[in-house]
Amino acid sequence: MTNITSSQTLNKLEEWVRQESHSSNLLDFYRSLLRIQAEVEERITIAKPELNEQTAFNRLVRGKPLLRFEDIITNWPTITDTFNRITAVFTDYGDLFGKVSELLLEEKWQKKLTKQIVRNWLEGKGLPATIASMEINPYLLDSLIHQALRPFLIRHSRVLINLVDREVWRRGSCFICNGQSDIGYLEKKVGARWLMCSRCDTEWHFQRLKCPYCGNQDSNSLSWFGDDDGVYRLYVCDRCHTYLKVVDLRNAKIEAFLPLERILTLDMDRQGQEKGYHPGYVQIENINTTLPK
Ligand SMILES: [Zn+2]
Ligand SMILES: [Zn+2]
């Protein structure tokens, strides 16, 4: 399961909605997001990477992801335009996320997405002080940047992935874009655990008994909760208090489509959070913002 496009995810979601005759505000929100992301993803041009197979391999061996900030910003005007369109969707569905800050609607906010913010977000370094004075909920801010950058990262991933053998990589974060995983699967043959990047949908192999977020390997503080059918697992770490959603393909009756599972398993997120864990892919402690009063 690699190189899935946003357009394919949108089609799968539409198909699911038709089959299940199910509709909700939340699904409408995801359809709106995916429509923008699919359109952007198909429209943009990605330059040929400067890396060759050897330099790409060397980066992975040194623990460096392949995508650099400099590669991303070649599409800068489209990035800011996409960010503004994504912000508008979040504003339309403000009741899903608590009140979306009025600031998001103001033009001066829209001009606040700077290259430095994108660089920091991409590299997981926290956000610059200019944002800190604005009353933006950090989870919301992270989601806005995340959803706006996704089509670009997905396209870059498709170009870069063929340069390397992903078996070289055994780290918790994505070898293409440095993102964290929000969903994974146990593959059918031997139940090996694979993670999917929350940002660019790249997959990589990762140990089953290790927390991808803090590296914890102590079995006393790692566990999982399963559903009755043995298809879904919530892996939790009691050291960094995070959870990860995983689909066990050995027990899934139909072929699972992970970018759709990510959306359809939001109840697992609720369960994880009710148990006191937070989603490991959101690196919120790195975001230096002021919470709304
Ligand atoms: Zn990634
Ligand atoms: Zn952990």
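What geometry does the site of the zinc ion (ligand 1) have, and which angles occur among its 4 donor atoms? I opened the notebook with this point, keeping in mind that the model is predicted.

**Entry 1: zinc ion (ligand 1)**

I found the site of the zinc ion (ligand 1) to be tetrahedral, with angles of 99 to 117° among its 4 donor atoms. For reference I noted that the ideal angle for four tetrahedral donors is 109.5 degrees. The protein donors are the SG atoms of Cys-174, Cys-177, Cys-197 and Cys-200, which lie 2.3 to 2.4 Å from the zinc ion (ligand 1), and along the chain these donors follow the spacing C-x2-C-x19-C-x2-C. I then looked up the accessibility of two of the donors: Cys-174 is buried at 0% relative accessibility, and Cys-177 is buried as well, with a relative accessible area of 2%.

**Entry 2: zinc ion (ligand 2)**

I turned next to the zinc ion (ligand 2), which is coordinated through SG by Cys-211, Cys-214, Cys-237 and Cys-240 at 2.2 to 2.4 Å. This site is tetrahedral too, with angles of 106 to 112° among its 4 donor atoms, and its donors are spaced as C-x2-C-x22-C-x2-C along the chain. Cys-211 and Cys-240 link distant parts of the chain, 29 residues apart: Cys-211 sits in the loop between β3 (203–205) and β4 (222–226), whereas Cys-240 sits in the loop between β5 (232–237) and β6 (242–248). Cys-211 counts as buried because its relative accessible area is 4%, and the cut-off for buried is under 20%.

**Entry 3: salt bridges**

How many salt bridges does the count come to? I recorded 20 salt bridges, and I followed several of them by residue.

In one of these, Arg-119 pairs with Glu-70, with 3.5 Å between the closest N and O atoms. The pair joins distant parts of the chain, Arg-119 being in helix α7 (residues 115–123) and Glu-70 in helix α4 (residues 69–72), 49 residues apart. Arg-119 is partly exposed at a relative accessible area of 25%, and Glu-70 is partly exposed at 39%.

Lys-125 and Glu-123 meet through their side chains in a salt bridge of 2.8 Å, N to O. Here Lys-125 counts as exposed at 57% relative accessibility, while Glu-123 is partly exposed at 28%.

Are the partners Arg-262 and Asp-201 buried or exposed? I found that both are buried, and that their side chains form a salt bridge at 2.9 Å, N to O. This pair also links distant parts of the chain, with Arg-262 in helix α10 (residues 258–264) and Asp-201 in the loop between β2 (193–197) and β3, 61 residues apart. I also noted one network, in which salt bridges with shared partners join Glu-14, Asp-28, Arg-31 and Arg-35.

**Entry 4: surface patch**

On the surface I looked up a nonpolar patch of about 240 Å², which is made by Phe-57, Val-61 and Val-168. Phe-57 belongs to helix α3 (residues 53–61) and is partly exposed, with a relative accessible area of 38%.

**Entry 5: the chain as a whole**

I closed with the totals for the chain, whose secondary structure comes to 11 helices and 7 strands. Of its 293 residues, 54% count as buried, and the chain exposes about 14,000 Å², of which carbon and sulfur atoms supply 47%. Among contacts with a separation of 6 or more, 68% are between residues 24 or more positions apart.

Methods:
Residues numbered from 1 in each chain as written. Chains lettered and ligands numbered in written order. Predicted model: local features only at pLDDT ≥ 70, side-chain atom pairs only at ≥ 80, totals over all residues. Heavy atoms only, no water. Donors = N, O, S within 2.8 Å, 3.2 Å for Na, K, Ca; no water. Tetrahedral: all angles 85-135°; square planar, octahedral: opposite > 155°, others 65-115°. Helix = DSSP H or I, 4+ residues; strand = E, 2+ residues; numbered from the N terminus. Buried < 20%, exposed > 50% of the residue type's maximum accessible area, 1.4 Å probe, protein only. Patch = residues over 30% accessible without salt bridge, like charges linked within 9 Å, V, L, I, M, F, W, Y side chains within 5 Å. Areas by Shrake-Rupley, 256 points an atom, 1.4 Å probe, with all protein chains shown as cover. Salt bridge = Lys/Arg side-chain N within 4 Å of Asp/Glu carboxyl O. Contact = heavy atoms within 4.5 Å.
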